[in-house]
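Load the coordinates and keep the sequence beside them. The walk below goes from the overall fold to single side chains.

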Amino acid sequence: MFLRKLTVIVLPLLLLLALIFLLPYVDRLNLGLFTEGVRGLILGIALAMLLPLSGASRHRAPFAGLLWIPTLLIAGVIVYQYLETQGTRVDVLHILATKDSSVIFLESLFMGYMGVTCLRTHK
């Protein structure tokens with residue numbers, strides 16, 4: 001029982017420590033617009049793995065397998081935003097075009113979280 005409690009306390013802290021060391025290296029990659037996207041994706045994956053790694057949640061959601069649909073939609077939006085920054089313009093989706101890195105960061109964060117949750121809870 002003590003080892004179980006220790007796992008719940010230590011693993012999230014180790015995950016945080018790994019993120020503290022990993023994220024500065026992502027900034028050095030100079031990916032331009034996608035630097036924030038990669039950071040968001042890494043944080044989303046880390047958030048999705050936080051509870052399963054610590055063993056605090058073993059719940060299976062019956063419809064979580066459907067999270068691949070919004071994950072793919074967000075990935076499409078991010079690809080469209082990249083194409084927009086490269087000069088390719090699709091007039092139908094022009095509302096989605098943004099060059100704000102914080103928006104791409106949040107989209108990538110949600111994409112990473114939903115993707116890992118979908119894979120983890122898939123039956």
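**Fold, core and surface**

Of the protein's 123 residues, 28% count as buried. The model is predicted. Its mean pLDDT is 76, and 75% of the residues score at least 70. Among the elements, H2 has the highest mean pLDDT, at 83. H1 has the lowest, at 78.

The secondary structure is quickly listed. There are four helices and zero strands. Along the sequence, the pattern reads α-α-α-α. Now take the contacts between residues with a separation of 6 or more. Of these, 73% join residues 24 or more positions apart. The accessible surface comes to about 8,300 Å². Carbon and sulfur atoms account for 73% of that area.

Go inside next. Which residues make up the largest nonpolar core? There are seven: Leu-15, Leu-19, Leu-23, Leu-43, Ala-46, Phe-105 and Leu-109. Three elements give two or more residues each to this core: helix H1 (2-27), helix H2 (34-54) and helix H4 (101-121). H1 gives the most, with three residues.

Phe-105 is a good core residue to select. Set aside its neighbours within four places in sequence. Phe-105 is then in contact with Glu-36, Arg-39, Gly-40 and Leu-43. Leu-43 belongs to the same core as Phe-105. Glu-36 and Arg-39 have a link of their own.

Side chains of opposite charge can pair when their charged atoms come close. Here, the side chains of Arg-39 and Glu-36 meet in a salt bridge, at 3.1 Å from N to O. A search of the whole structure finds one salt bridge. Arg-39 and Glu-36 are three residues apart in helix H2, so about one helical turn separates them. Is Arg-39 buried or partly exposed? Its relative accessible area is 22%, so Arg-39 counts as partly exposed. The cut-off for buried is under 20%.

Stay in helix H2 and select Thr-35. Thr-35 has a relative accessible area of 11%, so this residue counts as buried. What does Thr-35 touch, not counting residues up to four places away in sequence? The partners are Val-26, Asp-27 and Asn-30. Helix H1 spans 2-27.

Move to helix H4, where Tyr-113 lies. Tyr-113 has 38% relative accessibility, so it counts as partly exposed. Leave aside its neighbours within four places in sequence. Tyr-113 is then in contact with Gly-44, Ile-45, Leu-47 and Ala-48. Helix H2 covers 34-54. Another pairing is given by C-alpha atoms: those of Tyr-113 and Leu-67 are separated by 9.6 Å. Along the chain, Tyr-113 and Leu-67 are 46 residues apart.

Finish on the outside. A nonpolar surface patch covers about 1,100 Å². Its residues are Phe-2, Leu-3, Leu-6, Ile-9, Val-10, Leu-13, Leu-14, Leu-16, Leu-17, Ile-20 and Phe-21. Leu-17, one of them, is found in helix H1. At 41% relative accessible area, Leu-17 counts as partly exposed, because exposed means over 50%. Helix H1 also gives three residues to the largest nonpolar core.

How values were computed: Residues are numbered from 1 along each chain as its sequence is written. This is a predicted model: local features need pLDDT of at least 70, side-chain atom pairs count only at pLDDT 80 or more; totals for chains, interfaces and linings use all residues. Side-chain values use heavy atoms; hydrogens and water are left out. A nonpolar core is a set of buried Ala, Val, Leu, Ile, Met, Phe, Trp, Tyr and Cys residues joined through side-chain atoms within 4.5 Å. Buried means under 20% relative accessible area, exposed over 50%, partly exposed in between (1.4 Å probe, protein chains only). Contact means heavy atoms within 4.5 Å. Patches are made of residues with over 30% relative accessible area and no salt bridge: like charges are joined within 9 Å, nonpolar side chains (Val, Leu, Ile, Met, Phe, Trp, Tyr) within 5 Å. Accessible areas come from the Shrake-Rupley method with a 1.4 Å probe; for residues, only the protein chains shown count as cover. A salt bridge is a side-chain nitrogen of Lys or Arg within 4 Å of a carboxyl oxygen of Asp or Glu. pLDDT is the predictor's confidence in each residue, from 0 to 100.
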